[in-house]
Amino acid sequence: MENLNNYDPTFLKEKLIVKENKFNEEEFNILFKELKNFLLIKSMFPTKKVYMINKKIDLLWHEFILYTKEYTNFCNLFFRSYIHHSPNNWSKLNKEGKETSENFFELYQKVFGEIPNGEVWVFDN
């Protein structure tokens, strides 16, 4: 199996850093790493309530999905199936946010052996 950490998202970098100036390179790299971690958790625990709780990473995910061929190939290569994105209802997340965040933090620590990056993974409503 390919190494998830070696995936090269140059096409996304070109769009979001160079063309649209939505992120600087350092921020993009941090957010993309955490998006990959999030997707890995989603793939490993499909029955758990794990919602996206960071709007910047959610934006990055949306942009990635727009590259349908690349996103589909990425999912199939690393997760063996397509990981669907369900739009967040941010007002619902406000109510369920604590439970959702705790589920995610617990699973993150279980999978990666460390707590999530506290500067990135904050409940961002």
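**Entry 1. Overall fold**

Reading along the sequence, I found that the protein chain follows the pattern α-α-α-α-α. I worked throughout from a predicted model. My tally of secondary structure for the protein chain gave five helices and zero strands. I then looked up burial and noted that 39% of the 125 residues of the protein chain count as buried. I also looked at how contacts are spread along the sequence. Among contacts in the protein chain with a separation of 6 or more, 69% are made by residues 24 or more positions apart.

**Entry 2. The largest nonpolar core**

I next asked which residues of the largest nonpolar core touch the most other members. The core holds 34 residues, and I recorded L35, L39, W61, F64, F74 and W121 as those with the most contacts to other members. I traced the helices that contribute: α1 (10–19), α2 (25–44), α3 (55–66), α4 (68–79) and α5 (90–112) each supply at least two residues of this core. Helix α2 gives the largest share, with seven residues.

I followed W121 further. Leaving out residues up to four places away in sequence, I listed its contacts as E34, F38, M52, I53, N54, I57, F104, F105, Y108 and P116.

**Entry 3. Helix α1**

I looked up which residues of α1 are buried and noted F11, L12, K15, L16 and I17. These buried residues pack against α2, α3 and α4. A general point of helix geometry applies here: an α-helix has 3.6 residues a turn, so residues three or four places apart point the same way. Just after α1, I found that N21 takes a positive phi of about 55 degrees.

**Entry 4. E63 and its partner in α1**

I turned to E63, which lies in helix α3. Is E63 buried or exposed? I entered E63 as buried because its relative accessible area is 8%, and the cut-off for buried is under 20%. The side chain of E63 forms a polar contact of 2.3 Å with the side chain of K15; K15 is itself one of the buried residues of α1. Not counting residues up to four places away in sequence, I recorded that E63 touches L12, K15, L16, E20 and K22.

**Entry 5. N54 and the second largest pocket**

I located N54 in the loop between α2 and α3. I classed N54 as buried because its relative accessible area is 7%. I then asked what the side chain of N54 reaches. The partner is the backbone nitrogen of K56, at 2.9 Å. N54 is also among the residues touched by W121.

The second largest pocket brought me back to N54. I noted about 160 Å³ of space in this pocket. Ten residues line the pocket, and E27, L31, N54, E119 and V120 lie nearest its centre. By class, I counted four nonpolar, two polar and four charged residues in the lining. Helix α2 provides the largest share of the lining, three residues.

**Entry 6. N76**

Finally, I looked up N76, which lies in helix α4. I entered N76 as partly exposed because its relative accessible area is 36%, which falls between the cut-offs of 20% and 50%. Leaving aside neighbours within four places in sequence, I found N76 in contact with S81 and Y82.

Terms used:
Residues numbered from 1 in each chain as written. Predicted model: local features only at pLDDT ≥ 70, side-chain atom pairs only at ≥ 80, totals over all residues. Heavy atoms only, no water. Core = buried A, V, L, I, M, F, W, Y, C linked by side-chain atoms within 4.5 Å. Buried < 20%, exposed > 50% of the residue type's maximum accessible area, 1.4 Å probe, protein only. Helix = DSSP H or I, 4+ residues; strand = E, 2+ residues; numbered from the N terminus. Contact = heavy atoms within 4.5 Å. Polar contact = N/O pair within 3.5 Å; in protein donor to acceptor, adjacent residues only side chain to side chain. 1 Å grid on protein atoms, 1.4 Å probe; cavity = no way out; pocket = protein on both sides within 12 Å on 5 of 7 lines; lining within 4 Å. Points joined across faces, edges and corners; volume = space filled by probe spheres on them. Nonpolar A, V, L, I, M, F, W, Y, C, P; charged D, E, K, R; others polar.
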